[in-house]
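Q: Could you pick one part of this structure and walk me through it slowly? I'm new to this, so please start with that part and then show me what lies around it and elsewhere in the chain.

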Amino acid sequence: MKAALSVADINSFYSLVFSGVGDEVDPQFPAQSFNHVILNVPMGEDTIWLECTNPKAPFGQMGRGTIGKYSLVVNGEESKLVRVKSIDNGQRIRINNTLYIDAPLNNTTTVAGQITYSEFYYLPGLELVELSHKNLKEFYYDNISKSALGLNEIHVVADHERNSVHLQCGFETSTFLKSAGDHLILSPGLLQSPFPDLPQVKEREKDINLDFTYFITDTINIALPEGYITSYIPENRIYENEFGSYQLEYFTDENSIRLIAVRELKKGTYSFKNYNNLRDFLEQCNGLLSTGIVLNTVNEQKSNESKTMEINRGK
């Protein structure tokens with residue numbers, strides 16, 4: 001790419017960057033902290049960054065692992081550290097997931113569902129059509145849900161115009177629906193995009209730098225099994241602190257349940273003294289959909305209502 005640009009008299013510079021999750025490069029300490037090469041193309045007061053390793057990366061767009069990171073722009077004695085341009089001017093990454101699923105009766109082997117997954121920056125998911133079944137499952141666990149689900153089947157269709165992918169999935173019923181006497185307990189955690197993980201450490205010594213805001217919306221639409229209605233729905237939840245916020249809302253009718261979980265992790269530099277508090281907040285966010293929904297048969301619900309009325313009359 002650099003050679004091709006030089007033919008057109010366009011200057012560009014070989015640039016080193018660290019791609020992936022890791023501590024920020026320290027400009028005050030010389031070290032080999034890089035594992036990836038990109039291209040810096042200065043354009044007057046602006047700069048174009050080119051991802052040359054991946055031939056399917058859209059022009060001028062970088063992946064999540066490199067945006068906002070320090071890059072060493074190699075230019076002889078004028079070499080310098082420059083931050084790779086962040087998406088949306090460094091403000092936020094948006095991830096939207098929507099799952100449509102038909103809840104089966106207890107004797108069904110597989111739950112079928114369709115997930116629409118989209119990110120508002122370069123989406124590696126657009127390459128999923130070429131991945132093996134094993135690698136597709138790895139993508140699912142890394143980017144969509146880390147919950148211990150029995151993901152049996154997964155097929156993908158890429159939507160390049162909308163920068164999203166559609167995943168046709170099949171899950172083991174036992175991971176989604178469990179029988180408890182006359183009740184069915186439905187676990188909504190089939191879909192919850194994970195926030196970044198922070199390892200547990202005894203004593204953090206460096207501040208935590210978040211280059212951009214994560215804004216994640218997970219929507220789950222569940223069609224109820226025939227003959228069942230909701231008996232228990234968890235309470236709506238809303239919470240906000242210095243690190244971000246989360247909100248969970250449930251909507252129900254006779255035939256379906258819809259829940260929307262919105263989570264935000266704010267960009268910024270946080271004191272190492274608040275490391276454990278940040279970890280606790282992330283765990284709360286990642287466990288937002290851990291409470292089950294209880295279903296009753298229509299006949300059982302009517303029976304319970306009749307018993308309640310009789311008790312009230314006796315009072």
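**Starting at β14 and β19**

A: Let's begin with two strands, β14 and β19 (residues 293-297), which pair in the antiparallel sense over four bridges. Keep in mind that this is a predicted model. To see how the two strands line up, find T230: its opposite number in β19 is L295. What holds paired strands to each other? Strands of a sheet pair through backbone hydrogen bonds, and they can do that either parallel or antiparallel.

Now zoom out a little. The two strands belong to an open sheet of four, in the order β10-β11-β19-β14, and the pairing is antiparallel. At the edges sit β10 (177-180) and β14 (228-232), each of which pairs on one side only. The sheet isn't flat like a sheet of paper, either: neighbouring strands are turned by 35 degrees against each other on average, direction ignored.

Back to L295, since this residue is worth a longer look. Leaving out residues up to four places away in sequence, L295 touches D182, H183, L184, L186, L224, P225, Y228, I229, T230, S231 and I257. You'll spot T230 in that list, the residue that stands opposite L295. L295 also turns up in the largest nonpolar core, which has 53 residues: I115, L265 and L295 are the ones with the most contacts inside it. Helix α3 (residues 275-286) gives this core its largest share, five residues. There's a general idea behind this: in soluble globular proteins, nonpolar side chains tend to be buried together.

Charged residues can be hidden away too, so have a look at R263 in strand β17 (residues 256-265). Buried here means under 20% relative accessible area, and R263 counts as buried because its value is 0%. The side chain of R263 has a partner as well: a polar contact of 2.8 Å joins it to the side chain of D218.

For the opposite case, try K202, in the loop between β11 (183-186) and β12 (208-210). K202 is exposed, with a relative accessible area of 90%. Its C-alpha is 9.6 Å from that of N276, although the two residues are 74 apart in sequence.

Next, go to the start of the chain. D9 lies in the loop between α1 (2-7) and β1. It has a positive phi of about 60 degrees although it is not a glycine, and with a relative accessible area of 71% D9 is exposed. After that loop, look at β1 (residues 13-17), which runs antiparallel to β2 (residues 36-43) and is joined to it by five bridges. There, L16 has V37 as its bridge partner. β1 also runs antiparallel to β4 (residues 70-73), this time with three bridges, and S15 stands opposite V73.

One helix deserves a stop too. In α2 (residues 133-143), the buried residues are L136, F139, Y140 and N143. They share one side of the helix, because they cover an arc of only 100 degrees around its axis.

Finally, the whole chain: it has four helices and 19 strands, and 39% of its 315 residues are buried. Of the contacts with a separation of 6 or more, 68% are between residues 24 or more positions apart.

Terms used
Residues are numbered from 1 along each chain as its sequence is written. This is a predicted model: local features need pLDDT of at least 70, side-chain atom pairs count only at pLDDT 80 or more; totals for chains, interfaces and linings use all residues. Side-chain values use heavy atoms; hydrogens and water are left out. Two strands pair if DSSP finds at least two bridges between them. Axes are lines fitted to C-alpha atoms, for helices over the stretch in contact, and angles run from 0 to 180 degrees between N-to-C directions. A nonpolar core is a set of buried Ala, Val, Leu, Ile, Met, Phe, Trp, Tyr and Cys residues joined through side-chain atoms within 4.5 Å. Buried means under 20% relative accessible area, exposed over 50%, partly exposed in between (1.4 Å probe, protein chains only). Contact means heavy atoms within 4.5 Å. A polar contact is a pair of N or O atoms within 3.5 Å; within protein, one must be able to donate a hydrogen and the other to accept it, and residues adjacent in sequence count only if both atoms are side-chain atoms. The arc is that of the directions from the helix axis to the C-beta atoms.
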